[in-house]
Amino acid sequence: MIRSLKTFPLLSGFRGTPEADVGALEELLLRLSALVDAHHEIAELDLNPVNVGVDTTVVVDARIRLAAAGPPRPWPSTWS
């Protein structure tokens, strides 16, 4: 998913800059996914900006909107 972004070349050492820690960004996305899966009351989550550096990834600002939790989200039948 990350490698399909139009801006991915900026993370992969664009114009002589060092390559960013894409693994740390992947870890951030996996942890966010687990957070949202565990807390169904999260209606929106905005991280802006997320700075991905050579050896670190930092979320500078985060906003989370909560709403009444509905029923658990079912897995799509195509995933079984």
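Okay, before anything else: when I say helix today, I mean a DSSP run of H or I that is at least four residues long, numbered from the N terminus. With that in hand, leucine 11 sits in helix α1, which covers residues 8–11. Keep in mind, please, that what you're looking at is a predicted model.

Let me zoom out for a moment, then come back to that leucine. The protein chain has 2 helices and 4 strands. Walk along from the N terminus and the order is α-α-β-β-β-β, so you meet the helices and then the strands, going by those DSSP runs.

Now, the overall shape. For 80 residues, a compact globule would come out with a radius of gyration near 12 Å, and this protein chain is at 16 Å. If you box up the C-alpha atoms along the principal axes, you get roughly 50 × 30 × 20 Å. And how much of the chain counts as buried? Just 11% of the 80 residues.

On the surface side, the accessible area is about 6,300 Å², and carbon and sulfur atoms account for 58% of that. As for charge, there are 10 negative side chains and 7 positive ones, with the centres of the two sets 7 Å apart.

What about contacts along the sequence? If you take the contacts between residues at least 6 apart, 42% of them link residues at least 24 apart.

Right, back to leucine 11. Is it buried or exposed? Leucine 11 has a relative accessible area of 15%, and the cut-off for buried is under 20%, so it counts as buried. Who does it touch? Leaving out anything up to four places away in sequence, leucine 11 contacts Ile2, Glu19, Ala20, Val22, Leu25 and Val52. There's also a link across the sequence to look at: glycine 53 is 42 residues away along the chain, yet its C-alpha is 8.5 Å from that of leucine 11.

The other residue I picked is alanine 62, in strand β4, residues 62–66. This one has a relative accessible area of 47%. Buried stops at 20% and exposed means over 50%, so alanine 62 lands in between, as partly exposed. Again setting aside residues up to four places away, alanine 62 touches Asp46 and Leu47. With aspartate 46, the C-alpha to C-alpha separation is 5.6 Å, and the two are 16 residues apart along the chain.

So, two residues to find on your screens: leucine 11, buried in helix α1, and alanine 62, partly exposed in strand β4.

Key. Residues are numbered from 1 along each chain as its sequence is written. This is a predicted model: local features need pLDDT of at least 70, side-chain atom pairs count only at pLDDT 80 or more; totals for chains, interfaces and linings use all residues. Side-chain values use heavy atoms; hydrogens and water are left out. The radius of gyration is taken over C-alpha atoms; the globule rule is 2.2 Å times the number of residues to the power 0.38. Buried means under 20% relative accessible area, exposed over 50%, partly exposed in between (1.4 Å probe, protein chains only). Contact means heavy atoms within 4.5 Å. Accessible areas come from the Shrake-Rupley method with a 1.4 Å probe; for residues, only the protein chains shown count as cover. Lys and Arg count as positive and Asp and Glu as negative; His and the chain ends are not counted. The place of a charge is taken as NZ of Lys, CZ of Arg, CG of Asp or CD of Glu.
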